[in-house]
Structure formats: C-alpha cells, structure tokens
Amino acid sequence: NLLRDHGYPEARVSLAEDRLHDRAVRIRYQALPGPPAVFGPIQIAGNTSVSDAVIRRELAYRPGESFRRSVVVESQRRLFNLELFDFVNIEALPVGEAGAEPGTVPTRVTVVEGDHRKILFSGGYGTEEKFRVEGTWRHVNFYGGARVLNARAKWSSLDQGLEADILQP
C-alpha cells in the first residue's frame, strides 16, 4: 500500500521463508514496485439525476496526476458524504485498460443514487414544554448541483417556529 500510494499501482510483495534450524526461521520480503503511473480517464456509471460534473467535482484526483491509492479512498468518502448515494465504489482499472495510454490508470466510479427527499417527525412530552412536535424535510440535490434544502417546523408551549436553509456546496 505504501508503494501504491506513491505512484506504483501494480506494486507486488513476495514472501520467502528459510528454515535455519528447529526454532528459527528467516522471512524475507521483496517489494517490486512495477512501473510508475498516473491517473487516466474517469468513467462514471449509475448516476441518473446527479450530473457527472458533481461527481467529478468531488474527486480528489484529476487525470494526469500521479497515482495514489489514498486519494481514491478520499474521493469515495467525499462522494458518500454528499448523502446523494446509497452506494459508492471507485475502482482503479488495470494500467492501460479501456484504451488508455500506457502508464495511465483509468478509474471507474460506480454510484447508486438514494432517495433525495427525507422526512423526519418527532414528538414528546416534557414537564416544562408539555407536548412538543417537530418535523424536518430535507432535499439533497435541490435543483441539481448537490444543493441541500432543509426545512424545519417545531411547536411546543415554550417554542414555536419555522426554519429553512440552503447549503450550496
């Protein structure tokens, strides 16, 4: 993984074991980095209402940058944190696959979109507030671009109100 995080996506480690005597064994590790590579073309699959531009915007890498496994993992985390997707997977394809130039690693971003609208209701009873109710409506990807609209209403004997906000990423 250290080599894969420094531009060598095809790094391999081999293990050799030599028995020295009854209670001793020598273990040798040999790391073969393979050729260095850069990120290549990006394929996006599975999105229906979320644009490719939104997905590309959240990626922590661009074609032509040195390959690093850690930025692939970071990109996957960023996409999942948008709350637009139930599933996100980014896989590095073999070097030079899918018509990419030698020395480039194409990637495939696969997503499964989740429900963009969420409703939450809650209620309770307390000695000071008496009965209380609250409702929240959340819409992710509001008018596209991964915007988030939150609308909240609450009522109790102490506090009543409406609140709305929009988050523009």
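Rings of Phe, Tyr and Trp (the six-membered ring of the latter) are taken to pair if their centres lie within 6.5 Å, and such pairs count as stacked when the planes are under 30 degrees apart, as edge-to-face when over 60, and as tilted for the rest. The structure analysed here is a predicted model, in which local features need pLDDT of at least 70 and side-chain atom pairs count only at pLDDT 80 or more, whereas totals for chains, interfaces and linings use all residues. Residues are numbered from 1 along each chain as its sequence is written, and side-chain values use heavy atoms, with hydrogens and water left out.

By the ring criterion, the count comes to four aromatic pairs. Among them is the pair of F39 and Y61, which is stacked, with 4.1 Å centre to centre and 20° between the planes. This pair links distant parts of the chain, since F39 belongs to strand β3 (residues 38–45) and Y61 to the loop between α1 (52–58) and α2 (69–81), 22 residues apart; helices (H or I, at least four residues) and strands (E, at least two) are DSSP runs, numbered from the N terminus. F39 also pairs with F67 in a tilted arrangement, with 5.0 Å centre to centre and 45° between the planes. Because F39 lies in strand β3 and F67 in the loop between α1 and α2, the pair ties together parts that are 28 residues apart in sequence. F39, Y61 and F67 thus form one aromatic cluster. Residues are called buried under 20% relative accessible area, exposed over 50%, and partly exposed in between (1.4 Å probe, protein chains only). F39 is buried, with a relative accessible area of 2%, Y61 counts as buried at 0%, and F67 counts as buried at 4%.

A contrasting picture is found at β1 (12–21) and β2 (24–32), the elements that give two or more residues to a nonpolar surface patch. The patch, of about 540 Å², is made by V13, L15, V25, I27 and Y29. Patches are made of residues with over 30% relative accessible area and no salt bridge, like charges being joined within 9 Å and nonpolar side chains (Val, Leu, Ile, Met, Phe, Trp, Tyr) within 5 Å; a salt bridge is a side-chain nitrogen of Lys or Arg within 4 Å of a carboxyl oxygen of Asp or Glu. β2 gives the most to the patch, with three residues. V25 lies in strand β2 and, at 38% relative accessibility, counts as partly exposed. β1 is hardly covered, the count of buried residues among its 10 residues being zero. β1 and β2 form a hairpin with two residues between them, and nine bridges join these strands, which run antiparallel. Within the hairpin, H21 stands opposite A24 in β2.

Further along the chain, four strands form an open sheet in the order β6-β7-β8-β9, with antiparallel pairing; two strands pair if DSSP finds at least two bridges between them. The edge strands are β6 (117–126) and β9 (160–167), each of which pairs on one side only. β6 is joined by 10 bridges to strand β7 (residues 130–140), and the two run antiparallel. The bridge partner of G124 is R132 in β7.

Definitions and conventions: Accessible areas come from the Shrake-Rupley method with a 1.4 Å probe; for residues, only the protein chains shown count as cover.
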